[in-house]
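Trainee: Could you take me on a close look at the part of this molecule that surrounds the ligand? I would love to see how that part sits in the rest of the chain.

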Amino acid sequence: MTTTTSGAVEVSGVHRRYGGFEAVRGVCFEVRRGELFALLGTNGAGKTTTMDLVAGFGRPDAGEVRVLGHDPYRERKVLRPRLGIMLQEGGLPPDLTVAESAAMWAGTLTEARPTAEVLELVDLRHREGVRVRQLSGGERRRLDLALAVMGRPEVLLLDEPTTGLDPESRRNAWQLVRSLLADGVTVLLTTHYLNEAQELADRLAIMQHGVVVAAGSTAEVVAAHPARITFALPAGVTLPALPGLRHNLPGVRPEHGPVTLRTDALQTTLTELLGWARRNDVELAGLEARPASLEEAFLAVADEGAHA
Ligand SMILES: Nc1ncnc2c1ncn2[C@@H]1O[C@H](COP(=O)(O)OP(=O)(O)OP(=O)(O)O)[C@@H](O)[C@H]1O
């Protein structure tokens with residue numbers, strides 16, 4: 001057991017090129033011990049490439065990756081028993097049954113959980129005798145997840161673990177991940193499901209075109225984007241100037257439909273708005289106020305990146 005107090009995963013200034021194309025361009029982040037860190041980004045942003053470098057499947061062209069204090073490429077043997085890896089493509093032999101796959105995988109591990117126990121965790125006990133090629137896409141993902149956790153890893157790398165899972169299976173997978181986190185496992189996860197990141201992640205990074213464009217706790221990333229207030233005004237009423245608005249809205253007129261205000265100071269703007277409405281006896285029909293969601297923050301970041 002390494003006694004270092006550094007992060008479980010440290011990615012520092014990492015570059016990775018494929019031929020003349022640089023897929024990852026100076027990525028830095030740290031996954032602290034026992035947390036779940038989500039790597040988000042549009043298709044082709046470089047998430048899987050980064051994950052492969054953390055898994056030790058390749059080495060960076062520049063920069064450094066450390067997992068539990070080790071170089072995952074050069075010290076793969078040391079790390080292997082401590083790492084659980086679930087890739088986008090499981091690559092299991094298609095003619096083996098679920099039980100045979102689990103037994104085969106257990107044979108490669110120094111210390112494996114009982115196969116029945118891990119298959120139970122992902123609700124695949126009843127499919128033990130079914131061949132891998134006959135499993136549905138979601139069942140295959142669940143089998144991959146079962147194998148990734150079989151060796152009781154200290155660090156778990158999950159590349160789009162719930163893609164193709166039905167909503168109930170996704171919730172079960174989340175439950176499994178939460179129980180691993182409760183046991184102190186560190187998780188690095190990529191996902192396209194922003195609610196998954198919002199549910200599970202302590203911290204996250206959003207990648208685009210090979211670089212990290214936003215990072216922090218979920219709350220920090222979301223707080224960098226304006227909250228939204230929507231309502232409808234009665235005919236003939238125009239809004240006064242309100243504090244905290246992202247954009248001035250001179251001449252907002254009700255005939256233009258519901259009004260949407262974007263504010264960096266939700267409470268202040270809302271208080272002012274309600275005060276004005278009361279003083280002027282104005283009804284704000286369908287009033288709704290809410291902070292930005294992770295999805296809105298993600299889309300705003302992606303949009304800024306696209307126009308950069
Ligand atoms: N083996 C390879 N050879 C050449 N280019 C590659 C290779 N692997 C990935 N790329 C390119 O590198 C870029 C990053 O790919 P990567 O798979 O890391 O992105 P991603 O963020 O995981 O995307 P997705 O969300 O679609 O899985 C893409 O433009 C991809 O086409």
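**Around the ligand**

Mentor: Happy to! The residues around the ligand are Tyr18, Phe21, Ala23, Gly41, Asn43, Gly44, Ala45, Gly46, Lys47, Thr48 and Thr49. Keep in mind as you look that this is a predicted model.

Let's begin with the character of that shell. Of the residues that make up the shell, 4 are nonpolar, 6 are polar and 1 is charged. Glycine is counted with the polar residues here, so Gly41, Gly44 and Gly46, which are among the residues around the ligand, belong to the polar group.

Now, which elements do they come from? Two elements, strand S2 (21–31) and helix H1 (47–55), each give the shell at least two residues. H1 provides the largest share, with 3 residues.

To place these two elements, turn to the sheet. S2 belongs to an open sheet of 3 strands, arranged in the order S2-S1-S4 with antiparallel pairing. At the edges are S2 and strand S4 (62–67), each of which pairs on one side only. From one strand to the next, the twist averages 25°. As background, the strands of a sheet pair through backbone hydrogen bonds, and they can do so in a parallel or an antiparallel way.

You can follow one of these pairings in detail. Strand S1 (residues 9–18) is joined to S4 in the antiparallel sense over 5 bridges. If you find Ser12, its bridge partner in S4 is Glu64.

Next, bring the helix back into the picture. H1 lies across S1, S2 and S4, and its direction is at about 120° to that of S1. So the helix with the largest share of the shell lies across the strands of this sheet, and S2, the other element that gives the shell at least two residues, is one of the sheet's edge strands.

Finally, step back to the whole chain. It is divided into domain 1 (9–222) and domain 2 (226–291), and the C-alpha centres of the two domains lie 44 Å apart.

For a contrast with the ligand shell, try one more residue, Ser101, in helix H3 (residues 98–107). Ser101 counts as buried because 25 other C-beta atoms lie within 10 Å, where 20 or more are needed. Beyond its neighbours within four places in sequence, Ser101 is in contact with Leu92, Leu96, Val132 and Leu143. The C-alpha atom of Ser101 is separated by 9.6 Å from that of Thr115, 14 residues apart along the chain.

Terms used. Residues are numbered from 1 along each chain as its sequence is written. This is a predicted model: local features need pLDDT of at least 70, side-chain atom pairs count only at pLDDT 80 or more; totals for chains, interfaces and linings use all residues. A residue is near a molecule or strand if its C-beta atom, placed from the backbone, lies within 6 Å of it. Helices (H or I, at least four residues) and strands (E, at least two) are DSSP runs, numbered from the N terminus. Domain bounds come from an automatic or database domain assignment. Two strands pair if DSSP finds at least two bridges between them. Axes are lines fitted to C-alpha atoms, for helices over the stretch in contact, and angles run from 0 to 180 degrees between N-to-C directions. Two residues are in contact if their C-beta atoms, placed from the backbone, lie within 7 Å. A residue is buried if 20 or more other C-beta atoms lie within 10 Å of its own, exposed if 12 or fewer, and partly exposed in between; C-beta atoms are placed from the backbone.
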